[in-house]
Amino acid sequence: MKKNEIKNKVRQQDAQVLAQGYSPAIRAMEIASIVTFISLELALVYRLWGNPHTGTWLLLSAVLLGYLAADFVSGFVHWMGDTWGSTEMPVLGKAFIRPFREHHVDEKAITRHDFVETNGNNCLISIPVAIMAVAMPMSGPGWVFASAFLGAMIFWVMATNQFHKWSHMDAPPPVIGFLQRVHLILPPDHHRIHHTAPYNKYYCITVGWLNWPLNAVHFFPLAERLVTWATGLLPRRDDIGDEAALALVKVQDTTEAPVVQVAKELLNKAAEETTCLLDTS
């Protein structure tokens, strides 16, 4: 089945109805989450500052690896939010799944969100990890690195939705535009690949560096097959409708990972070269 045929089957929810799901209770929860998250990150900085085991290269390594880890986490959480669950689920439906559904129907909606609505959810899901980072004993370089790594990772996870918002803006600030062009944060052209129905690839939205390798090994389609096998759930049915979701599953079941296709081509080429050498000998 061709991609255009699947796109024609896509049936999504009403953008205005989804937007109305952002209630005062959800906003209050997000404000509390932001305050709690910032307090924990400041507490972590205080514990790291002056620690005898803290070093420049240790912290720099933790920050850079945390950035890469955040890209993967952003992709995994994004995939879960796009693929599973329903807006009708208690609590989780309106607080977490609704924003994913709204974004595919009205991708510019995120540019109209203020700081709280943009970043509140990410702060909420980062709080348990922040508590873990602050609670570590920091009695040696290994503990300090682990604590700094977790703290850096969740800082970048928190910043992910802001990077995501900027990637949808028609005219981001000049500095942001430069960072996007050199691909140090999520570039609009790169992210546009995800916003092509049926929205089933390039989930990583912190910087997007991991999108190609994860796509090459079919990481998320394989994860979907595993979840479907274990639970019987149909991926993406709440986002694009039953018909499109079923059609997409059939296509993915018959599609090999790009890395497998390349490996087969190399093996076939090697076999052909071997045959030619045997024929000429």
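Helices (H or I, at least four residues) and strands (E, at least two) are DSSP runs, numbered from the N terminus.

**Figure 1. The whole fold, helix after helix.** Starting at the N terminus, the elements read α-α-α-α-α-α-α-α-α-α-α-α-α-α. That makes 14 helices and zero strands. This is a predicted model, where local features need pLDDT of at least 70 and side-chain atom pairs count only at pLDDT 80 or more, while totals for chains, interfaces and linings use all residues. Residues are numbered from 1 along each chain as its sequence is written, and side-chain values use heavy atoms, with hydrogens and water left out. Of the 281 residues in the protein, 44% are buried (buried is under 20% relative accessible area, exposed over 50%, partly exposed in between, with a 1.4 Å probe and protein chains only).

**Figure 2. Helices α4 and α6 checked end to end.** The expected span of a helix is 1.5 Å times one less than its number of residues. For the 28 residues of α4 that gives 40 Å, and the end C-alpha atoms are 40 Å apart, which agrees. After α4 comes Gly 85, with a positive phi near 85 degrees. Helix α6 (residues 115-135) has 21 residues and should span 30 Å; its end C-alpha atoms sit 28 Å apart, which agrees. There is also a kink of about 45 degrees at Ile 127 in α6, shortly before the proline Pro 128 (the bend at a residue is the angle between axes fitted to the seven residues ending there and the seven starting there).

**Figure 3. The largest pocket and its lining.** This pocket holds about 760 Å³ of space. Of its 35 lining residues, the closest to the centre are Val 77, Gly 81, Phe 96, Phe 100 and Asn 121. On a 1 Å grid over the protein atoms alone, a pocket is an open set of points where a 1.4 Å probe fits, with protein on both sides within 12 Å along at least five of seven lines, and lining residues have an atom within 4 Å of a point. Grid points are joined across faces, edges and corners, and the volume is the space filled by probe spheres set on the points. Helices α4 (56-83), α5 (92-105), α6 and α7 (141-167) each chip in at least two lining residues, and α5 gives the most, with nine.

**Figure 4. Tyr 67 against Trp 209, plus an aromatic cluster.** Rings of Phe, Tyr and Trp (its six-membered ring) pair if their centres lie within 6.5 Å; planes under 30 degrees apart count as stacked, over 60 as edge-to-face and the rest as tilted. That rule finds 13 aromatic pairs. In the pair of Tyr 67 and Trp 209, the ring centres are 5.6 Å apart and the planes at 85 degrees, so it's edge-to-face. Tyr 67 is in α4 and Trp 209 in the loop between α9 (188-192) and α10 (211-216), so the pair ties together parts 142 residues apart in sequence. Tyr 67 is buried at 10% relative accessible area, while Trp 209 is partly exposed at 38%. Phe 72, Phe 76, Trp 79, Trp 84, Tyr 203, Phe 219 and Phe 220 form one aromatic cluster.

**Figure 5. Backbone oddities in two loops.** Most residues other than glycine have a negative phi, and most peptide bonds are trans. In the loop between α9 and α10 sits Pro 198, and the peptide bond to Pro 198 from Ala 197 is cis, with omega near 15 degrees. Tyr 202 belongs to that loop too; Tyr 202 isn't a glycine, yet has a positive phi of about 55 degrees. Arg 236, in the loop between α11 (219-231) and α12 (237-240), has a positive phi of about 75 degrees and is buried, at 1% relative accessible area.
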